[in-house]
Structure formats: C-alpha cells, structure tokens
Amino acid sequence: MSRVLAQPEGLPGRRLSIRRLTLTDFRCYRHLRLETDSRPVVLTGANGAGKTNLLEALSFLAPGRGLRRATLAQVARRDSAGIWAVAAVLDGPSGRVEIGTGIEPGSTRRALRLDGEPVKAGDVAGLVAALWLTPAMDRVFMEGASGRRRFLDRLILAIDHGHAAHAGAYDHAMRERNRVLKEQGADPGWLTALEAAMAKHGVAMAAARRRGVAQLDRMCAARQGVFPAARLALMGDVEHWLDEMDEAEAEARLTKALVQSRSRDAGAGATTIGPHRTDLDVRHAAKNLNASDCSTGEQKAVLISMVLSQARVLLTEKGLAPLMLLDEVVAHLDQTRRLALFDELVELDAQSWMTGADQSLFDGFEGRAQFFQVADATILNPVADATNIHKETGNLTHEH
Amino acid sequence: MAGAEIEALIQLLARLPGLGPRSARRAALHLLDKRETLMSPLAQALSTAATSIKACTVCGNFDTVEPCAICQDRARDDSILCIVSDVASLWALERAQGYRGRYHVLGGLLSALDGIGPADLGVDDLVSRVQAGAIREVILATPATVDGQTTAHYIADRLSGLDVSVSGLAHGVPVGGELDYLDDGTINAALKARRGL
C-alpha cells in the first residue's frame, strides 16, 4: 500500500453513507425513494434519465448551492409551484440521522430539518461533507480564474464551514461598495464602512484558502499511482501578504488598498483588488507542467487527484470520509485508471455515487458497489450484477 | 373558486411576512369560520391600530401617544442612547429588561443594493439628537450581518468627533450555550472578544 493510501486508524464510523434518499418534486423526480447500503453506488442509464439530478439532490444536503449552483426555484420540478424536498437517512460519525432540505409551502427560503426539527444551516454544516466532480468542471484549468476559485472554495468549504460565511459576506460588501461607487458624490464614510467589512471577511477568506491549499498541496504532492501528483499554489495579493504579516496587518493593508483604488474602481465599475481576484495555480508535478498545458486526459486525472486528495485531507483532519459525487467521471478514463479509481474509492471507505451511461464502464467494480439503473426519472431496479439487469423491486420503493 | 372579496382578502394576507398564498388561504378560511370570535375583533383591532398608532417623532418607536411612553418615561437614563435598526429590535431589548436608557430606531439598514442610504435612515437627525442632548454613551445594537455592521461602522464614524463614547453589542457564546453546538464563526468571534475574569 502506498503511503498516501494509508488510513487513520481507530476512527469507527468515519464513513458518511446515505441509507435512504427521498426526493419530492426535485428536478425530473415527482417522488422517489431509494434505499442503499453503505457501499459505493453506481447509477447507469441513458442521457437525460435523471442520474445527475440524483447527485445534485445529494449535493443539496451539504452546505452551499449544490453541484450545478442552481437557484432554489430552478431545481423545483415543473408544475410543482416551486415546492420541493430532498430528505435522507444518513449514517455518520454521530450515528444515524435524518436530514432534509427544500422549499416548504408558503416560503421562498430553503428550510432545513434534522431529525424532524427545523434547524439553521450552521447547525448541520458539519454533518454532511460532500466532494464532487462533474463534466462541467473538465475545462477548469483552461478557462478563467473564477472557475478555479469556485472549485477551490468548494473543496475548502467541505472542511472549513466558516469559509462560505466569510465568502458570502465579502461578496455582499463588495457588491454594495460597487453600487455606492457608481453614485455621484459617493459618501466616503459609507465606503469606509463597507471597505472595513470587505477587509475583515476578505482576509479571513484568504487565510482559510492558505490553510486549505497548504493541506491539499501536501496531500496532492505525495500521491503515487495513476492519478498524478500535483503542486498547488495560490496567486493573490492578500494571500501573499499573509506570508509576511498577521491577519490584523493584512486587514489594514487591504483597507488602505481599497481606499486608494476607489477612483479606479469607480471607473472600472468593479473592485480591482481583493481575494475575489485570486487564482489557483496547479502543476502536474512529474511533468512540471501547468495543468492547462497538459492533455485533456491528464487534466481530468489531475482533477481526480485533487478531489481524492481532499477526501484524504478530510479523513486525516476530521476523521470523516465524505460523500463523493462523481458524475460521468469514468467515461473518459482508460481501463487502468478506472480500476485504480474504483480501488481507491473502496480503500478510502467513502460512499461514492458514480454515474455513467453504460454498465460496462464499471466492470471490475462488481461486488464492491451497488448498481441501480435509472430511466425516465425512475429507478428501475437495484442491479444485482453488472451483467444481469432484473426488473424487480428489491429493497427499494419508488413512485412516479 | 372564491369570490372577488375573498380573493382580495387572501391576496392581502399573502403579503404578510411568513405567509404565502397557501397559508393565506388557510388563514382566510379560518377567519371566515371564526367570524364573530376572531375576524370582527381582528378587523376592529386593525382599524384602531391603523388610526391611533404612530411612529414616535423622537425615537421612531410605535405608540398611541406622542412622544412614545419610553421617551416620556422620566425614570429612564437620558445619558445613554441605544440605536436599533427596527422596532422589533427595540421590543427585544425591552423584553430583556436589561436596558433603561433611550432609543433611536433607524427604520432600516444601509443597503446600496436596496437603495437605502444614510439620508433614508435619518442619520443627520440622529447626529443632531446626539449633539443636542445630554447623551454621553451610544450603544450600536444593529444586527451582526454585513449590512448591520456596515451601518454600525458608518454611524460610529459619523459620531467620532462628538463627546460621546460609542460601543457595540458583543458577539459570542449565548448565555446557556454549549461550545459544541456553536458555528465556527461565532466561536472565533467569542475568542476574539474574550475578557479578563
């Protein structure tokens, strides 16, 4: 066993596993109830069958806006008047819990319930950690910095629940400042107050990214096997300042920089300095190449490396194997990498949820995972064997 | 379906905070079922409140007398002024019975995205009130949100040249709260605001 695959010992119940998932008026599903054991889950079916929607539903159990970053209204099934729900019975380190989220009648705000009781987002933030990879992320190294920032922030959010609050507060204060700057004779006192908020939350955000990238870089750099070792570095002013000064000094420096950039920002119609402009530099360690210069296949392998490494960071730091939501990930991997991915997911002891159009893509995963076939927003059956599809209802019920 | 009068009632009820179309329909039907015991007294109470309750011109609180009972209460301390965003916050502080000074209700929070600026909150009037009176201490009790803290920062800045001490409410561990149940941000705020014992 390679060093990076070593697991912390003495952490019973570290796996997070969904035992029952119930969807009501979510995306294409009118009603669905799926019961699973703790092994990895494979969902197969034609394009448009509803596989990704299931992963998206699971992603809503973790903090944030889900894997498509959809609005709350977008995920409601058509004709459902905007009301939807995702509920799950979940086994985790603290035992079995029931967690639910959605839009309730008479409300436009997302509700959260834990064991039937209404709770706030902060109360359940640490309960469900999920990491995901979707085809939309395949070009993350080729496109603008915003996609990489989002990818990084998502990885960090899985381990640092306060990160989203700081990022949201920073973004809100920045949009307020941009609006005030637009006005003739902008009130300097108002700008000062907003810049103080931006500095406070912006430096906290940058500090969280530095901690997160340092942990992930160590884990990525130590990787062996077919998913390559990678080196990560943050490229941002505020993150660099924190190399040389403490957070209070960085706050003062960011405040000063924002004051100095007021006229430039007013002209640009945007804030030109701050952690919202930070980029993540990712290099293929063995080839010493920027990830964007690697082949498409290598880029995908680096992405998988990063997500698997972050799962190991979570396991090491929090003693928790997160839910892994891997949408159409195996389709573009060769057989060696597919098998290596299956092995690592099993060894990680995470309940991974994987999708693919073709059952044969998961050859080699039989017996170690549970297979379900999805068609027209219905789970047809649990598939006992990857080569033998029965149309029977086992321990699963569904209504449509 | 319901007639125009009932539809109008439902639409008005649906505009209340916390009610949507479905709960408004339920409330309308409930009122119609309890016409004598609930609907008529409620209509009477609404009518009375609409004509007799005014915003106090001194502090912004709601009352039937002008200035409000709190502003008229001679037993309260004139030297302390607590600034709140809305009347609900004032009521919360009064329920807690821990404060015996005067109030100033802003009627909102600074929010450029919602088009609410310092003039909409009457900050100039507030500064004049602090300058004119016997106020020695101002407590900023705005919410611990970005808009709440931005508003507090802005007002503190506007009051900085005056002879008053300005403080804000502490953020941290609630009374009776266990650390295990607190979010990371609150725990960090409590650590930063720690005090000697």
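Which residue takes a positive phi in the hairpin of strand 10 of chain A and strand 11 of chain A? The answer is Asn288(A), whose phi is near 50°. The model is predicted, and this report walks through a sheet in chain A before turning to chain B.

## The hairpin in chain A

Let us stay with that turn for a moment. Four residues lie between the two strands of the hairpin. Strand 11 of chain A covers residues 289-290, and it joins strand 10 of chain A in an antiparallel pairing over two bridges. One contact point to look for is His284(A), which stands opposite Leu289(A) in strand 11 of chain A.

## The three-stranded sheet

The hairpin belongs to an open sheet of three strands in chain A, ordered 9-10-11, with antiparallel pairing. Strand 9 and strand 11 of chain A are the edge strands, since each of them pairs on one side only. In general, the strands of a sheet pair through backbone hydrogen bonds, in either a parallel or an antiparallel way.

On the other side of the hairpin partner, strand 9 (residues 230-235) of chain A pairs with strand 10 of chain A over six bridges, again in the antiparallel sense. Two of the partnerships are easy to trace on screen: Ala230(A) has His284(A) as its bridge partner in strand 10 of chain A, and Leu232(A) has Val282(A). His284(A) is thus worth a second look, as it is the bridge partner of Ala230(A) and also stands opposite Leu289(A).

How enclosed is strand 10 of chain A by the rest of the structure? Of the six residues in this strand (residues 279-284), five are buried, so the strand is largely enclosed by its surroundings in the structure.

## Chain B as a whole

Now for chain B, which has eight helices and six strands. Along the sequence they follow the pattern α-α-α-β-β-α-β-α-β-α-β-α-β-α. The radius of gyration of chain B is 21 Å, well over the 16 Å that the globule rule gives for 197 residues, so chain B is more spread out than a compact globule. Its C-alpha trace spans about 65 × 45 × 35 Å along the principal axes.

Buried residues account for 31% of the 197 residues in chain B. The chain exposes about 12200 Å², and carbon and sulfur atoms supply 56% of that area. Considering contacts in chain B between residues at least 6 apart in sequence, 49% join residues at least 24 apart.

## A nonpolar patch on chain B

Which residues make the nonpolar surface patch of about 320 Å²? They are Ile53(B), Phe62(B) and Trp91(B). Phe62(B) sits in strand 2 (residues 62-63) of chain B. Its relative accessibility is 46%, and because values between 20% and 50% fall in the middle class, Phe62(B) counts as partly exposed.

## Around Gln149(B)

A last stop is helix 7 (residues 146-158) of chain B, where Gln149(B) is found. With 30% relative accessibility, Gln149(B) counts as partly exposed. Leaving aside residues up to four places away in sequence, Gln149(B) touches Thr142(B), Pro143(B), Ala144(B) and His171(B).

Leu110(B) makes a handy reference point too. Gln149(B) and Leu110(B) are 39 residues apart along the chain, and their C-alpha atoms are separated by 9.4 Å.

Technical notes
Residues numbered from 1 in each chain as written. Chains lettered and ligands numbered in written order. Predicted model: local features only at pLDDT ≥ 70, side-chain atom pairs only at ≥ 80, totals over all residues. Heavy atoms only, no water. Patch = residues over 30% accessible without salt bridge, like charges linked within 9 Å, V, L, I, M, F, W, Y side chains within 5 Å. Areas by Shrake-Rupley, 256 points an atom, 1.4 Å probe, with all protein chains shown as cover. Salt bridge = Lys/Arg side-chain N within 4 Å of Asp/Glu carboxyl O. Buried < 20%, exposed > 50% of the residue type's maximum accessible area, 1.4 Å probe, protein only. Rg over C-alpha atoms; globule rule 2.2 N^0.38 Å. Contact = heavy atoms within 4.5 Å. Pairing = 2+ DSSP bridges.
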